[in-house]
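Colleague: Please take one part of this protein and look at it closely. I would like to know how the packing in its interior is arranged.

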Amino acid sequence: MDEGRHAARYRVLQVAAELLEEGGSEAVSTRAVATAAGITAPALYRMFGDKDGLLAELATHGFEMYLAEKHEALSQSGDPVADLYRGWDLHVDFGLRHPAFYLLMYGTARPGRKPPAADEAHALLVSLLERAAADGRLRVPVEEATHVVHAATTGATLALIGEEASQRKPSTSTRLRNIVLGSITTDPPVVATGTDRASRALALDAALTLEDGAAPPLRATETALLRDWLRRLAE
């Protein structure tokens, strides 16, 4: 795509984003966007195909905004669990500041139709949880923790968006955050005891996951068996 066409497409997306923020997805009709952008409807169709194509591009744009904010605000600290708590708050805050975008990003998701930026947001959560596991701070496997945190953060955000702003209680998200993250993480280990067996097993499993380089066939088999044993030990 040449620079002029790319710039024109970006301008249309900006106009559509403004309409979305002001009136929700119902306000993003092809006619309204074309009129506001100063182009013809056929030109809009050539860019995005139809309204569904335009909304899909807006969802991608929303995820890109979300990631830009989160990468900037969520610099890694020495405490991966503290980063998880901050990451939860950043997620909910984005949804409440951009409810129409959030509903488009998470409220209309369909299996197998996520934009690449959505996968990047998912990978960011996984990386936070892998750091926690590597530090012996996770009670459950990373995959299970990822599903739990994703379901809880999106559920909390969608529930708050559905409430009148005057009736909204920020403490709802804080309480749920503390319960959910407290149930899957542990305090920093001080001394080795029998009670931290699960977190230590998961830490070793995380270390194997993060290990660089391809293993020879025999070692790969042994690693798979070891990881299965570690996950059983953590149950």
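Modeller: What follows is a walk through the interior, starting with the overall fold and then turning to the nonpolar cores and the helices around them.

The model is predicted. The protein has 11 helices and zero strands, so the pattern along the sequence is a run of α elements. Buried residues account for 40% of the 235 residues. Of the contacts between residues at least 6 apart in sequence, 71% join residues at least 24 apart. The accessible surface comes to about 13,500 Å², and carbon and sulfur atoms hold 55% of that area.

The largest nonpolar core contains 31 residues, and Val 28, Val 33 and Leu 58 touch the most other members. Two or more residues come from each of α1 (3-23), α2 (30-37), α3 (41-48), α4 (51-73), α6 (99-107) and α7 (116-134). Leaving aside neighbours within four places in sequence, Leu 58 is in contact with Leu 13, Ala 16, Ala 17, Leu 20, Val 28, Phe 101 and Leu 104.

Ala 17, one of those partners of Leu 58, lies in helix α1. Its relative accessibility is 9%, under the 20% cut-off, and therefore Ala 17 counts as buried. Not counting residues up to four places away in sequence, Ala 17 touches Leu 58, His 61 and Phe 101. Ala 17 and Ala 59 are 42 residues apart in sequence, while their C-alpha atoms are 9.7 Å apart in space.

Helix α3 is another contributor to this core. Its residues Ala 43, Leu 44 and Phe 48 are buried. These three lie on the same side of α3, because they cover an arc of only 115 degrees around the axis. The buried residues of α3 pack against α1, α2 and α4. Just after α3, Gly 49 takes a positive phi of about 90 degrees.

The pairing of α2 with α3 can be described further. Their axes come within 9 Å and cross at roughly 105 degrees. This angle falls between 65 and 115 degrees, so α2 is roughly perpendicular to α3. On the α2 side the contact is made by Thr 30, Val 33 and Ala 34, and on the α3 side by Ala 41, Leu 44 and Tyr 45. Val 33 is thus named both in this contact and among the residues that touch the most other core members.

There is also a second, separate core of 22 residues, which includes Val 126, Val 140, Ala 152 and Ala 156. Ala 152 and Ala 156 are in α8, where they take part in the contact with α9. The axes of helix α8 (residues 142-161) and helix α9 (residues 170-184) come within 11 Å and cross at roughly 175 degrees. That angle is over 145 degrees, so α8 is roughly antiparallel to α9. In α8 the contact residues are Ala 145, Val 148, Val 149, Ala 152, Ala 156 and Leu 160, and they meet Thr 172, Ser 173, Leu 176, Val 180, Leu 181 and Ile 184 in α9.

Thr 157 is placed in helix α8 as well. Thr 157 counts as buried because its relative accessibility is 0%. Apart from its neighbours within four places in sequence, Thr 157 is in contact with His 91, Val 92, Gly 95 and Tyr 102. Thr 157 and Pro 99 are 58 residues apart in sequence, with 9.0 Å between their C-alpha atoms.

Conventions:
Residues numbered from 1 in each chain as written. Predicted model: local features only at pLDDT ≥ 70, side-chain atom pairs only at ≥ 80, totals over all residues. Heavy atoms only, no water. Core = buried A, V, L, I, M, F, W, Y, C linked by side-chain atoms within 4.5 Å. Buried < 20%, exposed > 50% of the residue type's maximum accessible area, 1.4 Å probe, protein only. Helix = DSSP H or I, 4+ residues; strand = E, 2+ residues; numbered from the N terminus. Contact = heavy atoms within 4.5 Å. Areas by Shrake-Rupley, 256 points an atom, 1.4 Å probe, with all protein chains shown as cover. Arc of directions from axis to C-beta. Axes fitted to C-alpha atoms, helices over the stretch in contact; angles between N-to-C directions. Parallel < 35°, antiparallel > 145°, perpendicular 65-115°, else oblique.
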